[in-house]
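User: Hi! Could you walk me through this model before I head back to the bench?

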Amino acid sequence: MRTHSRRALLGAGIAAAGSGLLATGATALDTMNGRRHPHGTPHPSDASPGPNGHGHNAPSRYVSPDGPEVIRTERRRGAGPVRRFTMTASQAQFDFGGQIVDTWAYGDRLPGREIRVNAGDKVAVSFHNRLPQSTTIHWHGVHIRNDMDGVPDITQRTVKAGHSFDYNFAVTTPGTHWLHPHVGVQLDRGLYAPLIIEDPREPLSYDHEWVVLIDDWLDGVDGLTPDVVLAELNKNKPGGASGHGMHRSGNQSAAAFASRMRGRTRHLMFDDPSDDVGHPFHLINGRVARDRETFRAKPGDRIRIRIINAAADTAYRVALGGHNMTVTHTDGYPVKHKTTDSLLIAMGERFDVLVTAKDGVFPLTALSAGSNNKTAQALLRTGNGEAPNEKIRPTELRSGGLGASKFKAAASVRLSDRKPDRIIKMDLTGTMKDWDWAINARPYTDSQRYPVREGERVRISFHNKTTMWHPMHLHGHTFALADGGPRKDTTIVLPDKKVSIDFNANNPGLWMLHCHNLYHSESGMMTVMGYKSKR
């Protein structure tokens with residue numbers, strides 16, 4: 001993966017930040033007083049940590065994010081070699097083929113520098129926040145200890161501007177993952193990077209590896225920022241959005257943009273699933289199609305491509321012109337190999353594929369699965385020849401793309417047959433017009449808890465009662481789709497469809513479950529799954 005760097009714009013002193021945790025005890029949905037506040041803005045009563053580093057609402061009925069159950073589970077993961085990294089979030093400026101945008105990024109790079117470790121390692125990241133807002137890091141897809149999951153007001157306090165925080169956790173399962181903030185709509189800036197956990201006993205054979213992050217972009221374009229767009233989308237709702245630092249923008253571009261999105265009256269089925277905000281740019285590894293990245297190899301080389309959809313709002317159909325792809329993994333877990341000409345990948349999902357490179361120059365194209373039909377593109381070059389036009393769409397895209405639900409888990413990771421001990425029903429609700437996204441018609445509050453107990457087999461049954469796609473993501477766990485389906489942490493739920501997922505409750509703590517369309521989750525389509533305490 002090639003990254004490009006531009007000048008940093010902000011420097012700030014570094015100081016230690018506290019890691020006090022906020023957790024509440026409250027039954028299938030528990031609530032406690034229903035207090036709601038923006039991510040990153042603690043309640044006044046939570047401002048000072050209690051005796052154990054918690055806010056005054058320390059849990060009495062749920063496992064604490066740093067409780068003994070969490071520590072015990074982390075110890076079971078072992079203590080392998082420590083791999084140390086430093087990350088800094090700061091303001092930055094990037095050039096998108098002549099369009100200069102001001103934004104935020106990790107280490108003044110887009111995407112941020114890759115973190116690569118081996119399964120069995122312990123990861124130690126010293127994180128410095130030089131942004132003008134508080135932030136955190138969430139390690140998407142990692143079976144992580146709860147107090148390192150990066151969710152403000154639930155697993156940690158935010159890292160304030162000018163402060164630092166040390167993330168330390170063991171990784172035991174190989175896979176293609178990524179990292180991003182979990183504060184408001186910060187993900188829809190440039191704050192994301194790949195996290196690759198290698199298998200020391202890698203069974204696949206290949207010559208090269210290409211890590212591909214796909215993203216949609218609006219930050220810094222015509223006066224837009226993710227914050228003002230979200231604020232405009234939610235301006236007619238009581239209490240507004242749930243993201244950090246939301247405000248009425250007064251920005252005419254943002255107001256017109258958001259009004260257009262709310263006013264759409266689309267019937268979104270399989271061919272038009274997402275992209276309800278309509279980002280003006282689409283990137284592969286931080287570059288627009290007219291300034292596309294080139295990956296070089298030789299004819300006959302076998303290439304592993306790790307594809308990560310880091311977009312805030314857009315699902316993509318992905319194809320490599322002139323090639324078929326053999327899918328080996330979904331969301332980091334092996335599947336029974338299947339060959340396809342194209343893939344359908346939602347926000348937060350990952351695919352690993354193998355290709356045998358032909359001779360020539362070939363476009364790797366990500367086509368927006370929404371109605372705007374915009375593309376991101378990179379090139380695979382194995383020989384001489386003129387590069388194809390940046391607007392070319394490989395014929396392989398015509399099949400519509402194979403989604404993760406069409407695969408079966410590899411035997412080595414297939415979830416054992418077992419009846420669920422607990423079934424949780426979740427209706428996905430809301431409309432484009434009212435922008436009232438929620439789970440079971442209840443918009444998110446940080447006091448919500450769907451209780452589970454350690455050792456249970458849990459089934460969550462989603463019913464999408466909206467006209468939009470929702471890629472539902474569960475933190476800290478991997479689940480299985482029905483009938484031997486793949487192991488995943490993010491799954492698409494199509495309009496007016498039902499999807500059930502099963503998982504083993506084996507990672508105690510308080511875990512977010514939310515739509516990975518950022519503008520849906522931050523408007524209310526998220527909740528918390530909490531492990532009941534045995535004490």
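Analyst: Happy to; we can go from the whole chain to strands, salt bridges and the surface. One thing to keep in mind is that this is a predicted model.

User: Good to know. How many helices and strands are there in the protein chain?

Analyst: The chain has 33 strands and 4 helices.

User: And what share of the residues is buried?

Analyst: Of the 535 residues in the chain, 63% are buried. The chain exposes about 19200 Å², and carbon and sulfur atoms supply 47% of that area.

User: Let's pick a strand. Is S21 mostly enclosed or open?

Analyst: Strand S21 covers residues 361–368, and 8 of its 8 residues are buried, so the rest of the structure largely encloses it. Val361, Pro363, Thr365 and Leu367 point one way from S21, while Phe362, Leu364, Ala366 and Ser368 point the other way. Residues on both faces are buried.

User: Which strands does S21 pair with?

Analyst: Strand S16 (residues 316–320) runs antiparallel to S21, with 5 bridges joining them. Within that pairing, Arg317 has Leu367 in S21 as its bridge partner. S21 is also joined to S22 by 7 bridges, again antiparallel. There, Phe362 is partnered by Leu380 in S22.

User: What about S26, how many of its residues are buried?

Analyst: In S26 (residues 457–464), 7 of the 8 residues are buried, so this strand is largely enclosed by the rest of the structure.

User: Which way do its neighbours run, parallel or antiparallel?

Analyst: You get one of each here. Strand S23 (residues 422–429) pairs with S26 in the parallel sense over 7 bridges, and Arg422 has Val458 in S26 as its bridge partner. Strand S31 (residues 498–504) is antiparallel to S26, also with 7 bridges. In S31, Asn504 stands opposite Arg457.

User: Nice. Where does Val413 sit?

Analyst: Val413 is in the loop between strand S22 (375–381) and S23. Val413 is buried, at a relative accessible area of 14%. In sequence Val413 is 74 residues from Arg487, yet their C-alpha atoms are 7.3 Å apart in space.

User: Switching to helices: what is the burial like in H2?

Analyst: Helix H2 (residues 226–233) has 8 of its 8 residues buried, so it is largely enclosed by the rest of the structure. The buried residues include the charged pair Asp227 and Glu232, along with Pro226, Val228, Val229, Leu230, Ala231 and Leu233.

User: OK, salt bridges. How many are there?

Analyst: The count comes to 24 salt bridges. One of them is between the side chains of Glu209 and Arg116, at 2.4 Å from N to O. Glu209 lies in strand S12 (residues 208–217) and Arg116 in strand S6 (residues 115–118), so this pair ties together parts that are 93 residues apart in sequence.

User: Is Glu209 buried or exposed?

Analyst: Glu209 counts as buried, because its relative accessibility is 19% and the cut-off for buried is under 20%.

User: Got another one that links loops?

Analyst: Try Arg189 and Asp219, whose side chains meet in a salt bridge at 3.4 Å, N to O. Arg189 is in the loop between strand S10 (175–180) and strand S11 (193–198), and Asp219 is in the loop between S12 and H2, so the pair ties together parts 30 residues apart in sequence. Both Arg189 and Asp219 are buried.

User: And what does Arg350 bind to in a salt bridge?

Analyst: Arg350 forms a salt bridge with Asp331, with the closest N and O atoms 3.5 Å apart. Arg350 lies in strand S20 (residues 350–356) and Asp331 in the loop between strand S17 (325–330) and S18, so parts 19 residues apart in sequence are tied together. Arg350 is buried at 0% relative accessible area, and Asp331 is buried at 1%.

User: Which residues does the salt bridge network join?

Analyst: Glu114, Arg116, Glu198, Glu202, Glu209, Arg304, Arg306 and Asp352 are joined into one network by salt bridges that share partners.

User: Last one: which residues make up the positive patch on the surface?

Analyst: Lys336, Lys338, Lys406, Lys408 and Arg414 gather there in a patch of positive charge. Among them, Lys338 is in strand S18 (residues 333–340) and is partly exposed, with a relative accessible area of 32%.

Technical notes:
Residues are numbered from 1 along each chain as its sequence is written. This is a predicted model: local features need pLDDT of at least 70, side-chain atom pairs count only at pLDDT 80 or more; totals for chains, interfaces and linings use all residues. Side-chain values use heavy atoms; hydrogens and water are left out. Patches are made of residues with over 30% relative accessible area and no salt bridge: like charges are joined within 9 Å, nonpolar side chains (Val, Leu, Ile, Met, Phe, Trp, Tyr) within 5 Å. Accessible areas come from the Shrake-Rupley method with a 1.4 Å probe; for residues, only the protein chains shown count as cover. A salt bridge is a side-chain nitrogen of Lys or Arg within 4 Å of a carboxyl oxygen of Asp or Glu. The place of a charge is taken as NZ of Lys, CZ of Arg, CG of Asp or CD of Glu. Helices (H or I, at least four residues) and strands (E, at least two) are DSSP runs, numbered from the N terminus. Buried means under 20% relative accessible area, exposed over 50%, partly exposed in between (1.4 Å probe, protein chains only). Two strands pair if DSSP finds at least two bridges between them.
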